[in-house]
Amino acid sequence: MMDNLPRFTAAAVQASPVYLDAAATVDKAVSLIHEAAGNGARLVVFPEVFVPGYPYWNWTMNPVQGSPWFERLYRSSIEVPGPHVDTLCAAARQAGVVLVIGVNERGSHSLGVLYNTLLTIGADGELLGVHRKLVPTWAEKLTWTGGDGSSLKVHRTAVGPLGVLACGENTNTLARFTLLAQGELVHAASYIALPVAPEDYDMADAIAVRTAAHSFEGKVFSVVACSTISPEIVDLVAGEDQQVRKQLARPRSALSGIFGPDGRPVTEPLVDDEGIVYAEIDLGKCIQPKQMHDIVGHYNRFDIFQLQVDNRPRGPLAFVDPPAAAPHPTTGDDPVRTRTAAPTTAPLEEES
């Protein structure tokens, strides 16, 4: 690795989905992937739940009003693996890019389960990672089931060791440390535009602060991609409600860009507007800053601090499977009815 620290162009996509239309949104993503690759990008990062969009009604309606919208989102969401994922993998392979993209993933074990999922796809088209957001944020709990620690992985890719987190997870210090301690050098952070936050909350600033903090603390490059809110989304979610329309049009609700290991933007971030931010990343620039602060190396005290991460996949069901045992030596009876059974976990979800 030291003989070949990658230097490459990264692309952060700031765009809106074709709302609640998975096939059309995947087609839009494929077009943007090829556009970014045509401009030299080898890493392309998309927003959180880009396919097929974010449940803004959780913030503008009560749960009863929003329930039909939940069903609409569920019906518009995708399976992982599945045909839409195959299309994205093929696009990454054809473009020769490492791809990170957010999707709404339908759970296979229970009708109605949705995950906020980030897919990591290699430049060869292989699906490398399926990360389900650990904790849905605030009103998001009305929509998504939480993931587990099995997907907190750093992937060895053509652009270097890559880790991903979704939106508010980038505020979770222990989740971020888990990635850094696995050798992460490139961090992909996917967000959604959030004009529905409290009035004193500046989403663009919040994204920039979190991104700068992770880059500076870990001495890594961060590529942050945020969605935008199209007029179509406003029309669907707000209808004739002028207060909600005004709320969804709030400025400084989205920011995308690339930040370096000093915590500063490598190039000017993009705020609110659709577009693609490009920047050159040289992983060799992660070396010298580590001499000052390496929080997963010399600048820590592992005799004092220890982080234990449970990375076992979690499912809703555990079967009790009796162990094999020899017949009773005197009677020859099968001892199944009297022995103690040993539980074995048998999750019904695919391992992420």
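Trainee: Why is Asp235 called partly exposed?
Mentor: Asp235 has a relative accessibility of 43%, and since buried means under 20% relative accessible area and exposed over 50%, with partly exposed in between (1.4 Å probe, protein chains only), Asp235 counts as partly exposed. The model is a predicted one, in which local features need pLDDT of at least 70 and side-chain atom pairs count only at pLDDT 80 or more, while totals for chains, interfaces and linings use all residues. Residues are numbered from 1 along each chain as its sequence is written, and side-chain values use heavy atoms, with hydrogens and water left out.

Trainee: What makes the contact of Asp235 with Arg245 a salt bridge?
Mentor: The closest N and O atoms of Asp235 and Arg245 are 2.9 Å apart, and a salt bridge asks for a side-chain nitrogen of Lys or Arg within 4 Å of a carboxyl oxygen of Asp or Glu, so the pair qualifies. Asp235 lies in helix 7 and Arg245 in helix 8, so the bridge ties together parts that are 10 residues apart in sequence; helices (H or I, at least four residues) and strands (E, at least two) are DSSP runs, numbered from the N terminus. Arg245, at 26% relative accessibility, is likewise in the partly exposed class.

Trainee: How do you know that Arg132 and Glu105 form a salt bridge, and are these two residues buried or exposed?
Mentor: Their side chains meet at 2.8 Å, N to O, which satisfies the limit for a salt bridge. Arg132 is in strand 5 and Glu105 in strand 3 (residues 98-106), so the bridge joins parts that are 27 residues apart in sequence. Arg132 has a relative accessible area of 5% and is therefore buried, and Glu105, with 1%, is buried too.

Trainee: What makes Arg132 a charge lying over the face of Tyr115?
Mentor: A charge sits over a ring if NZ of Lys or CZ of Arg is within 6 Å of the ring centre and within 35 degrees of the ring normal. Arg132 is at 4.1 Å from the ring centre of Tyr115 and lies over its face. Arg106 is likewise placed over the face of Tyr74, at 5.6 Å from the ring centre.

Trainee: How many salt bridges are found in the whole structure, and which residues are linked in a network?
Mentor: The search finds 16 salt bridges. Among them is the one between the side chains of Asp310 and Arg312, at 2.7 Å, N to O. Glu48, Lys133 and Glu140 are linked in a network.

Trainee: Why is the pair of Trp59 and Trp138 called edge-to-face?
Mentor: Rings of Phe, Tyr and Trp (its six-membered ring) pair if their centres lie within 6.5 Å, with planes under 30 degrees apart counted as stacked, over 60 as edge-to-face and the rest as tilted. By this rule there are five aromatic pairs. For Trp59 and Trp138 the centres are 5.4 Å apart and the planes meet at 80°, so the pair is edge-to-face. It links distant parts of the chain, 79 residues apart, with Trp59 in helix 2 (residues 57-60) and Trp138 in the loop between strand 5 (127-132) and strand 6 (155-157). Trp138 has 58% relative accessibility and therefore counts as exposed, and its phi is near 55°, a positive value in a residue other than glycine.

Trainee: What makes the set of 38 residues a nonpolar core?
Mentor: A nonpolar core is a set of buried Ala, Val, Leu, Ile, Met, Phe, Trp, Tyr and Cys residues joined through side-chain atoms within 4.5 Å. The largest such set here has 38 residues, and those with the most contacts inside it are Tyr54, Tyr56, Tyr191, Leu194 and Leu248. Elements that each supply at least two residues of this core include helix 2, helix 3 (63-76) and strand 8 (186-191). Helix 6 gives the most, with five residues. Tyr54 and Tyr56 also belong, with Trp144, to a cluster linked by ring pairs.

Trainee: Why does Lys219 count as buried?
Mentor: Its relative accessibility is 3%, so Lys219 falls in the buried class. Lys219 lies in the loop between helix 6 and strand 9, and its phi, near 60°, is a positive value in a residue other than glycine.
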